[in-house]
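Biologist: Could you take me through this model? I should like to begin with how charged side chains are paired.

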Amino acid sequence: MAEHHPRRALITGITGQDGSYLTELLLDQGYEVVGLVRRSSTVSFERIAHLQDQITIVSGDLLDEASLIEALRLHRPAEVYNLAAQSFVQTSFGQPVLTGETTALGVTRLLDAIRIVDPSIRFYQASSSEMFGKVQEVPQTETTPFYPRSPYGVAKVYGHWITVNYRESYGLHASSGILFNHESPRRGLEFVSRKISHAAAAISLGRQHELRLGNLDAKRDWGFAGDYVRAMWLMLQQDEPGDYVVCTGETHSVREFCELAFAHLGMDYGDYVVIDEAFIRPAEVDLLVGDASRAASDLGWHRDVGFQELVATMVDADLDLLQGKLKGIS
Ligand code: NAP
Ligand code: GDD
């Protein structure tokens, strides 16, 4: 078996929010980064445009195991970060089978490709606090039972347990990061944080007149994506693989996010936010708040960015974007 390259990492989902921050971190650490990208009729490299001359792109899809085997054989990474997923909860209700194929079975395809090509590859699985769903305990830890509330959450539970299973069955160095919501100016516009920051900025510039939202009472443990990718990397540097909750330990409602975002620009969210049934989900996750003690003690991980700073940064970035001060996404 050919040797893998000790400082080469392959990232699935490199074009996504977390993929872009993780790429920056790994390049800073001296890694060669290979990004697995699926074919589409238009390229979606906006988040990694500034990194493109420093990384290698390989074509592949979590729906196609042969493409994953081929990518691993060709590039021989030492570490694989599986960030690719159908990651939008609302879409998972409308496309539950696709979500299962990608977000659940996609993990098995990748783990199996690793087992076949090189079982010494270290593996990171992007698990999610959505797995806690109707929470059985407050705050949520690595031992809190799962009770997912969406096809996405169900798929992530499968992805989590198949990761544990390959670790226990084949001795893979496979870790699962149970990450709570993390946001940034690079967040997709469909997620509530960015939808709010972008709308607040657009309304302040007179380019939008209202913001249509669903449940304002849902509470989330929101952190900054740049802090969270550090935890992913730290997990793969440990002698032993494991499962880690990564979160801030604070929870805030969607309403509070709105209040802060609009107040940052001198506005009252109540003047602009309209409740729209179209954004209410068939089943909701009412409250998420985690306890990251294990990540703190074992990985030495802590977050740097707090909630207020996160909201202000996102609103400022959207204001700059809309005013043409930023090219693409910062
Ligand atoms: P994201 O911005 O939605 O990015 C998802 C990525 O997956 C994109 O690069 C997308 O590629 C890729 N992808 C989708 N289907 C694919 C397929 N069939 N084959 C290959 N690639 C595919 O997600 P994110 O916020 O960065 O999150 C990264 C991971 O962490 C996801 O697994 C998500 O479920 C999980 N997670 C996120 C959070 C959070 O708060 N952000 C919290 C917990 C867990 P295209 O560009 O081609 O669409
Ligand atoms: N997207 C969206 N749009 N959400 C809304 C809206 C709206 O107009 N109005 C209210 N919400 C509420 C949702 O009902 C949910 O309770 C909360 O805002 C957060 O929604 P999202 O930002 O879409 O994120 P999520 O919590 O469902 O899922 C995200 O976090 C998970 C980790 O807990 C995603 O990033 C998942 O991929 C991730 O696993």
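Modeller: A salt bridge here is a side-chain nitrogen of Lys or Arg within 4 Å of a carboxyl oxygen of Asp or Glu. Please keep in mind that this is a predicted model. The side chains of Glu-130 and Arg-220 satisfy the rule, with N to O at 3.9 Å.

Biologist: How many salt bridges does the rule find across the interface of domain 1 and domain 2?

Modeller: The rule finds 1 salt bridge across that interface. Residue pairs in polar contact, both at pLDDT 80 or more, number 2 across the interface of domain 1 and domain 2.

Biologist: Which elements each supply at least two residues of the side of domain 1 that touches domain 2?

Modeller: These are helix H3 (89-94) and strand S10 (223-224). H3 gives the most to that side of domain 1, with 3 residues. By residue type, the side of domain 1 that touches domain 2 divides into 9 nonpolar, 7 polar and 3 charged residues.

Biologist: And where do the domains run along the chain?

Modeller: The domain assignment gives domain 1 as 5-182 + 223-246, and domain 2 as 188-221 + 250-288 + 306-326. The contact takes 19 residues from domain 1 and 16 residues from domain 2. The centres of the two domains, taken over C-alpha atoms, are separated by 27 Å.

Biologist: How much area do domain 1 and domain 2 bury between them?

Modeller: They bury about 1,500 Å² between them, with 57% of it on carbon and sulfur atoms. Of the area that domain 1 buries against domain 2, Phe-88, Gln-90 and Arg-149 supply 34%, more than any other three residues.

Biologist: Let us turn to the ligands. Which residues are closest to ligand 1?

Modeller: The closest are Thr-15, Arg-38, Asp-61, Ser-87 and Tyr-152, out of 25 residues that surround ligand 1.

Biologist: What lies 2.9 Å from an oxygen atom of ligand 1?

Modeller: A backbone N or O atom of Leu-83 does, and a polar side-chain atom of Lys-156 lies 2.9 Å from an oxygen atom of ligand 1 as well. In addition, an N or O atom in the side chain of Ser-44 is 3.2 Å from an oxygen atom of this ligand.

Biologist: How many residues surround ligand 2?

Modeller: There are 24 residues around ligand 2, and the closest are Ser-128, Ser-129, Tyr-152, Arg-281 and Glu-284. Tyr-152 is thus listed among the closest residues for ligand 1 and for ligand 2.

Biologist: Which atoms of ligand 2 have polar partners?

Modeller: An oxygen atom of ligand 2 is 2.5 Å from an N or O atom in the side chain of Ser-128. For Lys-195, an N or O atom in the side chain is 2.7 Å from an oxygen atom of ligand 2. A nitrogen atom of ligand 2 lies 2.9 Å from a backbone N or O atom of Glu-190.

Biologist: Going back to charge pairs, what is the count of salt bridges by this rule?

Modeller: The count comes to 17 salt bridges. One of them joins Arg-8 and Glu-32, whose closest N and O atoms are 2.8 Å apart. That pair links distant parts of the chain, 24 residues apart: Arg-8 is in strand S1 (residues 8-12) and Glu-32 in strand S2 (residues 32-37).

Biologist: Last topic, the backbone. Where is the cis peptide bond?

Modeller: The cis peptide bond joins Val-138 and Pro-139, with omega about -5 degrees. Pro-139 is in the loop between strand S5 (122-128) and helix H5 (151-170).

Biologist: What is phi of Arg-76?

Modeller: Phi of Arg-76 is near 45 degrees, a positive value in a residue other than glycine. Arg-76 is placed in the loop between helix H2 (65-75) and strand S4 (79-82).

Key. Residues are numbered from 1 along each chain as its sequence is written. Chains are lettered from A and ligands numbered from 1 in the order in which they are written. This is a predicted model: local features need pLDDT of at least 70, side-chain atom pairs count only at pLDDT 80 or more; totals for chains, interfaces and linings use all residues. Side-chain values use heavy atoms; hydrogens and water are left out. Domain bounds come from an automatic or database domain assignment. Contact means heavy atoms within 4.5 Å. Buried area is the accessible area (1.4 Å probe) that two parts lose on being put together, summed over both. A polar contact is a pair of N or O atoms within 3.5 Å; within protein, one must be able to donate a hydrogen and the other to accept it, and residues adjacent in sequence count only if both atoms are side-chain atoms. Helices (H or I, at least four residues) and strands (E, at least two) are DSSP runs, numbered from the N terminus. Ala, Val, Leu, Ile, Met, Phe, Trp, Tyr, Cys and Pro count as nonpolar, Asp, Glu, Lys and Arg as charged, and the others, Gly among them, as polar. A residue is near a molecule or strand if one of its heavy atoms lies within 4 Å of it.
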